[in-house]
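Visitor: I would like a close look at a single part of this model, namely the place where its chains meet, together with whatever is needed to understand each side. Please take me through it in one connected account.

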Amino acid sequence: MAGVRDIRRRIRSVRNMQQITKAMKMVSAAKLRKAQQKLNAARPYAHQLQGVLERLSQVPGDTVHPLLIKRPVQKVVYVVITSDRGLCGGYNSNLIRKTAGLIAETPQEVKLVTVGRKGRDFFRRGKIEFLAEFVALGDEPSYNQAKEIAQEVVRLYEQGEADEVYLMYTEFVSAINARPTQVKLLPIEKPEGKQSKQYIFEPSPDEILASLLPKYVETQIFRSILEGKASEQGARMTAMSSATDNAKDMIDRLSLIMNRARQAAITKEISEIVGGAAALD
Amino acid sequence: MAGTFSLRIVSPEGNVLKEDVEFAVIPGELGELGILPNHAPLIAGMDIGVLRYNLNGAVKRVAVAGGFVEVIENSAIVLADTAELSEDIDVARAQEARERAKKRLSTRTNEIDVRRAEYALRRAAARIEASVGKK
């Protein structure tokens, strides 16, 4: 049995760790709240943009925008949104596992665009080629960061580096529940909407569509980054919460062992004294 | 001229404004658009510029940078890339940005830089113009 002093040392180190996980849990709870707020703030815009796109799709146009054209698929690009930091439970590994599974099932040539350090580090070990990588988005990603990613993705698509683009991200369901999700980003599927009112368009519907579609891609990426951020903080909070609980269990167990060892030591000492005294008599 | 209509400005970062207004002027891509209550359904592209609206006789200004506007059923929804209410604008920062953009334009290097600088310059100018309305 380990000495009392060794056990005490271990308890102390576990307690220190518990303090850290507890602090991380509270920090991520605060960040989760912020991330959720940003996610909710982005919703009305995304919703309205979708609406305008639907309305625009009603207009019979003669020109078709390149981002809407379906091409024979030879090259597929996955945009994988992961976090920059670890210690967030299964957040990254769940998404990466799903992505890797999908890639294995894709018969076409697959390339990657990674967002976040964790995804990049994982896929770097594989054989799949990277077209772009974005890291260090921070805890509060801005729209401009999403825009940058979107512009790169659109550029790849227009140059024929990709015939289809999928977005892989973690959808935020609740603080303890997040779902790895795949959505098709490009070509954009024209939404089917019901016939609506006659609109005046200024400039022409085609021109509006041409400036709207890239924005649509931007908002989709922005939203999935925000979803990912919220999921990440939720996952981290849950992971840190259970780590704190585990540390508590460990301390309890170690305390028990330590007390027992101390008791044994005392008993031994007493019996030695008693034995010694008996020998003197 | 009767009544008001609802004006909503949303940006990707959140809701900026929701108010019942009497009249609004939107910087459209092909020129300014004046919107009165009961306007016909409209979808228009928006330029960088200043959006003005009248409420109880007072004129308020919002600096917007590109996007769209949809008018339907007596409400106007502005989808702006960015939108700043005049009272939220930091004039000193906007002026700084304008100077920076001007300087970059005077020492032109390559195509993309010029476009970005021009964009920044116009945005800064719109912000300064929008903030004129504030005390």
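**The contact between the chains and its surroundings**

Guide: In this predicted model, a convenient place to begin is a strand pairing within chain A, where Met168(A) has Gln182(A), in β5(A), as its bridge partner. That bridge belongs to the pairing of strand β4 (residues 164-174) with strand β5 (residues 177-186) of chain A, which run antiparallel over nine bridges, and β4(A) and β5(A) form a hairpin with two residues between them.

From there one can turn to the contact between the chains, in which 23 residues of chain A meet 20 residues of chain B. On the side of chain A, the elements that contribute two or more residues are α1 (4-57), β6 (200-202) and α5 (205-280), and of these α1(A) gives the most, with nine residues. By residue class, the side of chain A that touches chain B divides into 15 nonpolar, four polar and four charged residues.

Strand pairing also crosses from one chain to the other: β6(A) is joined by three bridges to strand β5 (residues 42-55) of chain B, and these two strands run parallel. Within this pairing, Glu202(A) has Ala44(B), in β5(B), as its bridge partner.

The strand β5(B) has a part in a second contact, this time inside chain B, which is divided into domain 1 (5-86) and domain 2 (90-131). The centres of these two domains, taken over C-alpha atoms, are separated by 23 Å, and their contact takes nine residues from domain 1 and seven residues from domain 2 of chain B. On the side of domain 1 that touches domain 2, the elements giving two or more residues are β5 and β6 (58-72) of chain B, with β6(B) giving the most, namely four residues. The residues on that side of domain 1 comprise five nonpolar, two polar and two charged.

Taken as a whole, chain B has two helices and eight strands, and its elements, followed from the N terminus, run β-β-β-β-β-β-β-β-α-α. Its radius of gyration is 16 Å, close to the 14 Å that the globule rule gives for 135 residues, so chain B is as compact as a globular protein of that length. Its C-alpha atoms fill a box of roughly 50 × 30 × 25 Å along the principal axes, and 37% of its 135 residues count as buried.

Chain A, on the other side of the contact, has five helices and six strands, in the order α-β-α-β-α-β-α-β-β-β-α from the N terminus. Its radius of gyration is 28 Å, whereas a compact globule of 281 residues would have one near 19 Å, and its C-alpha trace spans about 115 × 40 × 30 Å along the principal axes. Of the 281 residues of chain A, 32% count as buried. Among contacts in chain A between residues at least 6 apart in sequence, 81% join residues at least 24 apart, while the corresponding share in chain B is 53%.

As for confidence, the predictor gives the complex an ipTM of 0.82 and a pTM of 0.85. The mean pLDDT of chain B is 84, and 93% of its residues reach 70 or more; where pLDDT is low, the predicted coordinates should not be read in detail.

Notes. Residues numbered from 1 in each chain as written. Chains lettered and ligands numbered in written order. Predicted model: local features only at pLDDT ≥ 70, side-chain atom pairs only at ≥ 80, totals over all residues. Rg over C-alpha atoms; globule rule 2.2 N^0.38 Å. Buried ≥ 20, exposed ≤ 12 C-beta atoms within 10 Å, placed from the backbone. Contact = placed C-beta atoms within 7 Å. Nonpolar A, V, L, I, M, F, W, Y, C, P; charged D, E, K, R; others polar. Pairing = 2+ DSSP bridges. Domains from an automatic or database assignment. pLDDT = per-residue confidence, 0-100.
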